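Reader: I would like a close look at a single part of this molecule, followed outward to whatever surrounds it. Please take it step by step.

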Amino acid sequence: MRMIFILVLVSLVAAALFILPLRARPPIRDGGRIPVAASFYVLGEFARAVGGERVEVTTLIPAGGEPHEWEPSPRAVAEVRRAALFIYHGMGLDPWAERLAATLPRSKVLNATDGLPLSRKADGQLDPHVWLDPLLAQEMVQKIAAALNQIDPLGREQYEANKESYARQLRNLDSAYRNSLRSCRIRAVLTTHAFLDYLARRYGFQAIAIGGFSPEGEPSPARMKELVGLARKMRVRAVLTETLVSLRAAEVLAREVGAKVLRFNPLEGLTLEEEARGESYLTIMKKNLAVLREALGCEP
Ligand SMILES: [Zn+2]
């Protein structure tokens, strides 16, 4: 009896394996939602905002994970293959996702930063941190909406409405940044890795990074000396540290130049606590604004 059961099970599994690829075309899943996979936090958040009830979004890098250093498990790869749309960031932030995307049909893949104005370092490396500029974030949201319209034309009306409402919130965020960073005594801030350039450029101050475009360990003594000089010259009064990465040099530098250490969230992922509290891109960007106002000594 048991043997028969096992035989039936094995043949069912074999049949399922054979049939599944043939049935893989319609993107709708059993629950009626369209499976969307996003490489890291911000993309998942934007996809949920635009997709609403029609989509089921999986963010591959879990809460507490740091995107620059991440590699996918076989399960994550399977999740991407099953998705009707895979959204990745590109620009060197999620190289594993770029490699994976290259193995998928083009119609299933969205590079969320394609065509955005990019900033490069002297060595040609791209700065991927576009999402911290609310207006560039808005462009990413528009791309996500266009991709969802493509894979699910029936949802167009809903996607467009969700997109408009979220884009409005991003523009309000931009206005809040513009107004509250208008009159500040200090025009520069130190950061751990180089995550703040797009935002700093948008609102007219300078971000001096201890590290490069990804967290990469402690700086050399020569670099430390250079940073101390720069920080003194620019009258820097705060070092912004991150939620997901810690850097001893940040504390040392802050002591050396008499600056405060303030916690900024570059939104490369939420911590488990932030996720549990229901934080989002918008709530954290508002907190980040308060941190920047303190760092730059802005007038009320
Ligand atoms: Zn980064």
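Reader: How many of the residues of helix H2 are buried? Please also describe what H2 packs against and how those surroundings are arranged.

Author: This is a predicted model, and what follows should be read with that in mind. In helix H2 (41–51), 10 of the 11 residues are buried, so that the helix is mostly covered. The buried residues are Tyr 41, Val 42, Leu 43, Gly 44, Glu 45, Phe 46, Ala 47, Ala 49, Val 50 and Gly 51. After H2 comes Gly 52, which has a positive phi, near 55 degrees.

The cover comes from strands and helices together, for the buried residues of H2 pack against E1, E2, E3, H5, H6 and H11. Turning to the strands, H2 lies across E1, E2 and E3, and it runs at about 175 degrees to E2. These three strands belong to an open sheet of 4 strands, which follow the order E2-E1-E3-E4 with parallel pairing. Strand E2 (55–59) and E4 each have a single partner strand and stand at the edges, so one side of each is left without a neighbour in the sheet. From one strand to the next, the twist averages 20 degrees. Within this sheet, strand E1 (residues 34–38) and E2 run parallel and are joined by 5 bridges; Val 36, for instance, has Val 57 in E2 as its bridge partner.

Among the helices that H2 packs against is H5, and its own burial can be followed in the same manner. Helix H5 covers residues 134–151, and at 1.5 Å a residue its 18 residues should span 26 Å, which agrees with the 26 Å that separates its end C-alpha atoms. Its buried residues are Pro 134, Ala 137, Met 140, Val 141, Ile 144, Ala 145, Ala 147 and Leu 148. Viewed down the axis of H5, these buried residues fall within an arc of 165 degrees, and they therefore line one face of the helix. The spacing along the chain can be read against a general rule: an α-helix has 3.6 residues a turn, so residues three or four places apart point the same way.

What covers the buried residues of H5 includes H2 itself, together with strand E3 (85–88), strand E4 (109–111), helix H6 (156–180) and helix H11 (281–296). Among these, E3, H6 and H11 also appear in the list of elements against which the buried residues of H2 pack.

Notes:
Residues are numbered from 1 along each chain as its sequence is written. This is a predicted model: local features need pLDDT of at least 70, side-chain atom pairs count only at pLDDT 80 or more; totals for chains, interfaces and linings use all residues. Helices (H or I, at least four residues) and strands (E, at least two) are DSSP runs, numbered from the N terminus. The expected span of a helix is 1.5 Å times one less than its number of residues. A residue is buried if 20 or more other C-beta atoms lie within 10 Å of its own, exposed if 12 or fewer, and partly exposed in between; C-beta atoms are placed from the backbone. The arc is that of the directions from the helix axis to the C-beta atoms. Two residues are in contact if their C-beta atoms, placed from the backbone, lie within 7 Å. Two strands pair if DSSP finds at least two bridges between them. Axes are lines fitted to C-alpha atoms, for helices over the stretch in contact, and angles run from 0 to 180 degrees between N-to-C directions.
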